[in-house]
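Q: Please take a close look at one part of this chain and show me how it fits with its surroundings. I am new to reading structures, so go step by step.

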Amino acid sequence: EAVGIPAWARLLERLDIENANRLRVDLRFPHVLPESLISGHVLPRVADSLPPADGLYAPLDADPQARERRYAVRPSFRDAAERNWPEIVEQVYDSHLDAVTALQRSDIDVIEQVFPADVPRLRGDSNLIVDRYQLPVQHLLVPNRRNVLMKFPAFRRALLYGINRDMILNQVLLGGASLEGAALTSGPFPLGIDESDPLNYAYDFRLEPLPYEPRLGQALVGLSKIQFKDQLEAERVARGEAAAVETAEEPPIRLVLAYPHGDVPRLACDAMVKQLKQLGIEVVLRPLPLGETRPADDDWDLLFTEVVMVEPLTDARRLLSERGLARIDLAPIDLALRRLDTAESWSRARRALYELHLLVYNDVSVIPLWQLPVYQ
């Protein structure tokens, strides 16, 4: 499902196939980067059961959750035999330490994603090459508003204040080391690797990440409970029912936190469980099956997700719209996305992105954690 289609539909005037190699597209109005609207998905989604129809390599195994998968060059590539492309074997390790040990023993040739704390040590090994991917990854918590408390901005902000993101990033994930581009974030857009990185054009640096304030988080949890009770009482009055009897002790708040396979999500979520307990919130972890990035059902309250933004101009809708990853149904955000869709200049596009950053920041529509560079 391509969530960028509404913007493309508003922009497209006419489409003509001139010949086998040429497609003519007429637009209703100018757009700063129209080709970005027809780019593929860059956000995580549940793994497809069928392999993609293009690409040089294809999996030989049908099970996307297999611990070991083999890939071979597709028969459609005629020069495959001439080039003698090798078969690729993909192995899944549950621990980054096991993966590093296998690499140093030459049991494997490449680690697709190096655990951040291992990067400085592996860089010091002259027998290894450690290289950074061009795009960083944004780590976010996506609230599921099936939980009534998640509908209150005060409760979502309480979670943000109650998570010691600085400690998790710098101690748990980086192991006290420093990696260029690793930083806390105040919104969903990328910071870029450094200040000169053009990718950070969507990020409003005037909005600083909120600090770790567990006492303020506790107060906001209490406020959310009051708001919840007031809402229930208003609904009872509207139905003409008698007032509810107050109980001596309130049941604890229980949340289900889902996260994908990997050491970074697992260790980060383990730390969040302990920290949110201080706010009186019981968190139950739900690890997702290998290859799955979003639960197939609705039995979750928070989702730890890793987002790669190639082009914030269009990826903003893929993340923040009602049909996007976060599934946000808010009129101000929808209006800002429409302004972004119809931006005729980069200055207008940037203003719309800054507006989105501010709206998400104030509403805590998604809970921003940090940005991490990715190494192989």
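A: Start with one pair of residues. Gln 371 in β11 is the bridge partner of Ala 183. Keep in mind that this is a predicted model.

Where does this pair belong? Strand β7 covers residues 183-184, and two bridges join β7 to β11. The two strands run antiparallel. Strand β6 (residues 137-143) also pairs with β11, through five bridges. That pairing is antiparallel too. One place to look is His 139, which stands opposite Trp 370 in β11. A general point helps here. Strands of a sheet pair through backbone hydrogen bonds, and they may do so in a parallel or an antiparallel way.

Is strand β11 buried or exposed? β11 spans residues 367-372, and six of its six residues are buried. The strand is therefore largely enclosed by the rest of the structure. Here, buried means under 20% relative accessible area.

Now step back along the chain to helix α11, residues 346-363. This helix packs against two other helices. Two packed helices are described by an angle between their axes and a distance between those axes. Take both numbers for each pair.

The first partner is α9, residues 312-320. The axes of α9 and α11 lie 11 Å apart, at an angle of about 30 degrees. The two helices are therefore roughly parallel to each other, and their crossing is left-handed. Which residues make the contact? From α9 come Pro 312, Leu 313, Ala 316 and Leu 320. From α11 come Trp 346, Ala 349, Leu 353, Leu 356 and Val 360.

The second partner is α5, residues 153-162. The axes of α5 and α11 come within 8 Å and cross at roughly 90 degrees. So α5 and α11 are roughly perpendicular to each other. Pro 153, Arg 156 and Arg 157 of α5 take part in the contact. On the α11 side, the contact uses Tyr 361, Asn 362 and Asp 363.

Two of those names return in a charged network. Arg 145, Arg 156 and Asp 363 are linked by salt bridges. Arg 156 is one of the α5 contact residues, and Asp 363 is one of those from α11.

Stay with α5 for one more link. Ala 158 and Leu 223 are 65 residues apart in sequence, yet their C-alpha atoms are 9.6 Å apart in space. Leu 223 sits in helix α7, residues 214-239. With a relative accessible area of 37%, Leu 223 is partly exposed.

How many salt bridges are counted? The count comes to 14. Three further examples show how such pairs can be placed.

The first joins Asp 334 and Arg 338, with N and O 3.2 Å apart. Both lie in helix α10 (residues 331-341), four residues apart, which means about one helical turn separates them. Arg 338 has 39% relative accessibility, so it counts as partly exposed. Asp 334, at 34%, is partly exposed as well.

The second joins Asp 297 and Arg 286, at 2.7 Å from N to O. This pair links distant parts of the chain, eleven residues apart. Arg 286 is in strand β9 (281-287), while Asp 297 is in the loop between β9 and β10 (302-307). Arg 286 is partly exposed at 22%. Asp 297 is partly exposed at 39%.

The third joins Asp 118 and Arg 121, whose closest N and O atoms are 3.2 Å apart. Asp 118 has 5% relative accessibility, so it counts as buried. Arg 121 has 44%, so it counts as partly exposed.

Finally, turn to another sheet. It is open, with three strands in the order β3-β4-β5, and its pairing is antiparallel. β3 (57-59) and β5 (88-91) stand at the edges, each with a single partner strand, so one side of each has no neighbour in the sheet. Neighbouring strands here are turned by 30 degrees against each other on average, direction ignored. Four bridges connect β4 (residues 68-73) and β5. As a landmark, Tyr 71 stands opposite Ile 88 in β5.

To sum up the close look: β11 pairs with β6 and with β7, and its residues are buried. Before it in the chain, α11 packs against α9 and crosses α5.

Technical notes:
Residues are numbered from 1 along each chain as its sequence is written. This is a predicted model: local features need pLDDT of at least 70, side-chain atom pairs count only at pLDDT 80 or more; totals for chains, interfaces and linings use all residues. Side-chain values use heavy atoms; hydrogens and water are left out. Two strands pair if DSSP finds at least two bridges between them. Axes are lines fitted to C-alpha atoms, for helices over the stretch in contact, and angles run from 0 to 180 degrees between N-to-C directions. A salt bridge is a side-chain nitrogen of Lys or Arg within 4 Å of a carboxyl oxygen of Asp or Glu. Buried means under 20% relative accessible area, exposed over 50%, partly exposed in between (1.4 Å probe, protein chains only). Angles under 35 degrees count as roughly parallel, over 145 as roughly antiparallel, 65 to 115 as roughly perpendicular and the rest as oblique. A crossing is left-handed if the near helix is turned anticlockwise from the far one by less than a right angle, and right-handed if clockwise. Contact means heavy atoms within 4.5 Å.
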